[in-house]
Amino acid sequence: MQGEILYGEKMYGQDEAEKKAFELPVRFVDLTKYVPPYLPEFEEMAAIYEAQGYEIGRAHALMDSLMEQGIPSLATWDLEHWEKLLALEISEEATDEARRALIMARLSGTEMLTPARIAQIAQSVTGTEAMVEETAAEYKFTVIFVGGYGIPNHIKLFRRLLDELKPAHLAYEITYRYVIWDELAGKIWNDLTAYTWDGLRINQKIPYVSWDSLAAVQPSWRSLKQNSWNTVTQIKEAKN
């Protein structure tokens, strides 16, 4: 740590994991229950007991949290150490839940990989409910995400983990759910004007640039002439 950070930026050489640990909820231990009742009546003693009560409660919370870090399914601020231990490369946008799921899957890699287990791993990593269909004659299985529309979060992490855990002789496919025409029955054009085509396929309203919204930010043709249509559609101020 020495020479890598400016003095005073971190408390006693804390790393990021330690910093998160210090952000844990603090408990309070009422020390006045352990002393004669007349002592807390003194303002100075009451202040001392209160300060010490918060510090002791904080120490208890940190000790409990430290014990949890040794259990992958409960770990929070020390997940990075598990990832290093298991040689896992995790993307920065991965949630703690997804990281825990990857760690647990790597640790349980010797378990039999049943369809139910694959579905459980898929949901843990991506946060989207999934089901698995086997095609035994073709030595193949299909992971079907049924809990939402479109491609789930962290799908690359799930694919990499599945490639590592599945038997080498098995192939697999991953399919996603999209809005079909039957699901739009009863809708009229005005009901769908807030959607882009891509957004409608996954049942999400995706902000987009329209001529009206572009006029609202009042750009000049001179300012726009250096843009392609693709870059114009990325003007944040004009998205609605």
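Here is a short walk through three strands and two helices of this predicted model.

**Stop one: the hairpin.** Select residues 130-135, which are strand S1, and then residues 140-149, strand S2. The two run antiparallel and are joined by six bridges. For one pairing to look at, click on Val132 in S1 and find its bridge partner in S2, Val143. Now look at the turn: four residues sit between S1 and S2 in this hairpin. Pick out Tyr139 there, and you'll find a positive phi of about 50°.

**Stop two: on to the next strand.** Keep S2 on screen and add residues 171-177, strand S3. This time the pairing is parallel, again with six bridges. Zoom in on Tyr149, whose bridge partner in S3 is Arg177. How does the chain cross from S2 to S3? Show residues 155-165: the path goes through this helix, H6, in a right-handed β-α-β crossover.

**Stop three: two helices together.** Leave H6 visible and select residues 115-126, helix H5. The axes of H5 and H6 come within 10 Å and cross at roughly 150°. Angles over 145 degrees count as roughly antiparallel, so that is how H5 lies relative to H6. The crossing itself is right-handed.

**Last stop: the contact.** Turn on side chains and see which residues meet. From H5 come Ile118, Ile121, Ala122, Val125 and Thr126; from H6 come Leu157, Phe158, Leu161, Leu162 and Leu165. Colour them by class, and the contact shows nine nonpolar residues, one polar and no charged ones.

Notes. Residues numbered from 1 in each chain as written. Predicted model: local features only at pLDDT ≥ 70, side-chain atom pairs only at ≥ 80, totals over all residues. Heavy atoms only, no water. Pairing = 2+ DSSP bridges. Right-handed = clockwise from strand over helix to strand, strands pointing away. Axes fitted to C-alpha atoms, helices over the stretch in contact; angles between N-to-C directions. Parallel < 35°, antiparallel > 145°, perpendicular 65-115°, else oblique. Left-handed = near helix turned anticlockwise from the far one by under 90°. Contact = heavy atoms within 4.5 Å. Nonpolar A, V, L, I, M, F, W, Y, C, P; charged D, E, K, R; others polar.
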